[in-house]
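Me: Could you walk me through reading the empty spaces and the cysteines in a protein model? I would like the general idea and then the case at hand.

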Amino acid sequence: MESSPLDFVAQACMDLTENIGNTTTEPEREFLINEHIKKVWSIVPPVEDFKKNLEWVNVSEPIYLAQHCSEKVVVLDFWTYCCINCYHVLPDLAHLEKLYKVENGLVIIGVHCAKFLNEKSSNNILAAVERYGIHHPVVNDSEIVMWNALGIRCWPTLLILGPENKPVFILTGEGHRKELEWYVGALIKHFNSTNSISSAPIPMAPSKHLKAKNSILSYPSKIALNPFYRGRADEPYLAISDTGHHRILLTDCLGIILRVIGDSEPGLKDGELSVARFNSPQGLCWLSSSVLLVCDTNNHAIRAIHLDENSVELLTGIGKQAETGDQGGKCLGQQALASPWDIILYTTPDMDMSVRPSMALPTPAVDNKENTGNEKDKEKKDERRRVVLIACAGSHQIWALFLDNTIWWKYKTYTEGTCVRIAGTGAEAARNSAYPHTAAFAQPSGLTLKNVGSPEVFIADSESSSIRRLALASGHVSTLCGGDRNPLNLFAYGDVDEIGVEAKLQHPLAVAYSEANKTLYIADTYNNKIKKVDIGPQKVTTISPTMIESSDPAIFNEPSGLSVSQDGKYLYIADTNNHIIKILNIAKNVCQEFRVRVAEVKFVEPENLILYKSDLFVNRKCGNLIIHFNVSLDNDIRKVKFTAGAKQNWRVCIRNEDNKDVTMEEFEFIGCTNMGSTLPGRVEMKLKSRTDNTHYRLYLSFVTSLCDGSLCFTHSFTIRSMVLVRDSVKMVESYRITCKVNPTGVNNTQS
């Protein structure tokens with residue numbers, strides 16, 4: 001292997017790390033770091049600058065090291081957005097940005113060097129930047145020019161430059177927050193003393209990803225149909241991780257939102273549903289009709305939502321990432337996790353029946369009470385244990401949370417509440433094994449259960465671009481499709497429909513198994529496709545549905561969540577970067593949007609409604625409509641007068657054929673607004689654009705202030721008129737409406 005320009009820096013950093021490990025005091029450490037800075041910075045040449053014509057995110061113009069950063073300390077974060085280790089570095093960089101601003105001399109630049117073909121798209125990088133909450137500049141080095149020039153070899157790599165863009169420190173992998181603080185702080189302090197640090201700004205401009213029109217979702221990830229759904233009106237049908245909004249939505253079967261869990265701000269907070277906080281939630285699992293488990297990914301925890309109690313609680317996890325090598329074994333909230341990404345419930349008798357207490361021989365019943373007791377004992381011995389299986393993407397393992405005392409593989413007994421690793425060494429690879437603890441995964445991100453026959457879990461092993469299988473009777477790990485026979489080859493991706501390992505996927509993030517049609521469905525995320533697998537022959541086939549509304553091909557954008565109906569007829573798809581949920585009719589191969597929305601308040605006609613005797617007209621081609629109006633009192637109530645000096649309030653509302661209020665959406669008010677407080681009144685409104693509507697309903701509502709002697713009161717009523725839209729009427733139509741009212745509720749008339 002050719003030597004890298006950074007080899008000297010890397011060797012010096014390794015020596016520094018070893019020497020720091022032998023220190024006992026902070027002054028000793030600071031001395032070593034300063035000596036390192038002096039030695040390295042005086043020898044190394046500047047790094048090559050960014051090439052021209054690269055695409056950037058979060059800036060108003062391209063950044064060049066020589067132009068913008070020659071008097072700054074720069075952290076270059078070489079990353080790719082599929083990588084969980086890169087994901088784990090982001091909180092450390094955000095922490096660093098809080099300690100040192102640009103005006104303090106620190107600039108952080110994300111150098112995106114794609115692993116997968118799909119990641120080369122700047123639009124996809126922009127979506128990842130928004131989804132992950134990245135605020136510093138990011139450049140799309142799609143051809144990995146700087147990566148190759150510097151000899152970078154792995155994601156993530158953090159290269160720290162001093163002034164004049166000379167490399168001083170290099171860190172690889174995750175978990176270097178402490179070193180980042182030391183090294184960046186020492187560089188700023190050292191070069192501030194020589195007046196080599198500038199406080200000049202850089203051209204920052206936060207970017208936004210284009211969302212689907214009218215979508216209230218932001219990067220929805222995982223979804224879960226409620227297996228306990230029985231059709232009641234207020235019963236949740238679908239749970240959605242609205243990941244970009246840090247909340248969970250529960251909808252009915254039409255997409256109407258029934259519950260919103262979380263206040264849309266990232267955080268870790270238990271309590272009532274509306275005030276609880278999550279941080280980029282992912283996988284979902286129904287334990288019962290009223291208990292939903294959530295992978296609270298950025299909080300490295302599993303949370304439990306109790307709908308009956310209107311509360312959220314921490315189930316397992318400690319709120320921060322587990323240390324490398326932690327194999328678990330602690331109870332519930334004492335056990336740390338690493339980026340739990342998906343979750344399923346498995347119920348089973350004890351795994352090894354030979355170690356269960358033997359059944360007593362049947363004996364004649366002495367009395368009913370004794371017989372009842374024996375039956376209860378038998379039921380207890382045969383009851384199914386609940387085991388929650390967790391895909392911990394951050395540690396490349398499958399974990400289990402035992403909700404009941406359970407005898408597991410190899411006669412191992414786990415007590416209720418134990419959370420432990422059950423498969424995967426923690427090394428990132430795609431190694432199969434008959435022994436689950438020696439198998440290896442590469443960022444497992446999706447789980448689904450096949451429970452009939454020999455139970456097994458199918459795993460979307462995203463970084464190996466394969467679907468793995470874990471036999472639940474034995475723990476045997478094997479590959480269903482995709483990937484490569486070489487367990488260390490994590491670059492065997494593509495888009496090929498074939499059998500077994502000859503099939504090729506690209507970073508799949510979700511799987512869903514249908515017992516009804518014996519088929520496994522895959523969200524082939526970076527191929528922007530949905531695929532299916534016939535489990536027996538391991539045959540992979542792309543599903544190419546059309547949209548039901550237009551017959552156009554259904555277009556997906558990084559789908560990352562699937563849930564299949566129990567009858568196998570419908571597949572629900574979280575179309576993540578399109579910010580919507582779609583439904584695939586499997587038999588007809590047609591797709592439509594599952595429109596998630598807030599329930600519309602049903603319009604009710606106002607009380608004291610007066611129907612205007614004549615229709616009003618407006619020209620279809622942006623015509624004007626002028627209305628003069630006044631209110632008078634019935635002659636039969638001579639004692640009642642308008643209250644002197646009081647407001648006589650009125651308001652105009654226009655509704656379309658669907659009863660939607662379109663007053664401000666479709667009409668422009670000329671020289672006035674749609675409301676006032678004096679009589680007589682006048683409004684002039686104009687259609688904003690040519691319309692195909694044939695009519696509107698106009699509501700002119702009044703709240704009048706009246707007095708009867710010493711008693712003052714208000715009287716409300718509304719005049720309704722049809723506004724007909726025609727081509728043949730004048731461009732300006734004018735009308736006069738006078739209403740004579742009786743506040744006793746009778747003899748209201750209009751002319």
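Reply: Happy to; we will take cavities, then a pocket, then the cysteines. Keep in mind that this is a predicted model.

Me: Let's start with enclosed space. How many cavities of 30 Å³ or more does the structure hold?

Reply: The general idea is simple: rolling a probe the size of a water molecule over the atoms shows where empty space is left. Here the structure holds three cavities of at least that volume, 30 Å³. The largest cavity has a volume of about 260 Å³, and the second largest has about 70 Å³.

Me: Which residues lie nearest the centre of the largest cavity?

Reply: They are R131, Y132, Q282, W341 and L509, out of 21 lining residues. Sorted by class, that lining has ten nonpolar, nine polar and two charged residues.

Me: And what lines the second largest cavity?

Reply: Its lining is made of E48, D49, F50, K51, L54, V145, M146, A149 and L150. Six of these count as nonpolar and three as charged, with no polar residue.

Me: Now for open space. What volume does the second largest pocket have?

Reply: About 980 Å³ of space lies in that pocket. It is lined by 35 residues, and L225, P227, T448, S563 and V564 are the closest to its centre. Strands β7 (220–225), β12 (281–288), β17 (340–348), β23 (444–450), β27 (510–514) and β32 (561–564) each give two or more residues to this lining. The largest share, six residues, comes from β17. By class, the pocket lining has 22 nonpolar, ten polar and three charged residues.

Me: On to the cysteines. Which of them form a disulfide?

Reply: In general, a disulfide is a covalent bond between the sulfur atoms of two cysteines. A search of the whole structure finds one: C707 and C712, with sulfur atoms 2.1 Å apart. The link is right-handed, with 90° about the S-S bond.

Me: Are C707 and C712 buried or exposed?

Reply: C707 counts as buried because its relative accessibility is 13%, under the 20% cut-off. C712 is partly exposed, since its relative accessible area is 47%.

Me: What about C253 and C481: where is the nearest cysteine sulfur for each?

Reply: C253 is in no disulfide, and the nearest cysteine sulfur, that of C591, is 18 Å away. At 39% relative accessibility, C253 is partly exposed. C481 is also in no disulfide; for C481 the nearest cysteine sulfur belongs to C82, 19 Å away. With a relative accessible area of 0%, C481 is buried.

Methods. Residues numbered from 1 in each chain as written. Predicted model: local features only at pLDDT ≥ 70, side-chain atom pairs only at ≥ 80, totals over all residues. Heavy atoms only, no water. 1 Å grid on protein atoms, 1.4 Å probe; cavity = no way out; pocket = protein on both sides within 12 Å on 5 of 7 lines; lining within 4 Å. Points joined across faces, edges and corners; volume = space filled by probe spheres on them. Nonpolar A, V, L, I, M, F, W, Y, C, P; charged D, E, K, R; others polar. Helix = DSSP H or I, 4+ residues; strand = E, 2+ residues; numbered from the N terminus. Disulfide = S-S within 2.5 Å. Buried < 20%, exposed > 50% of the residue type's maximum accessible area, 1.4 Å probe, protein only.
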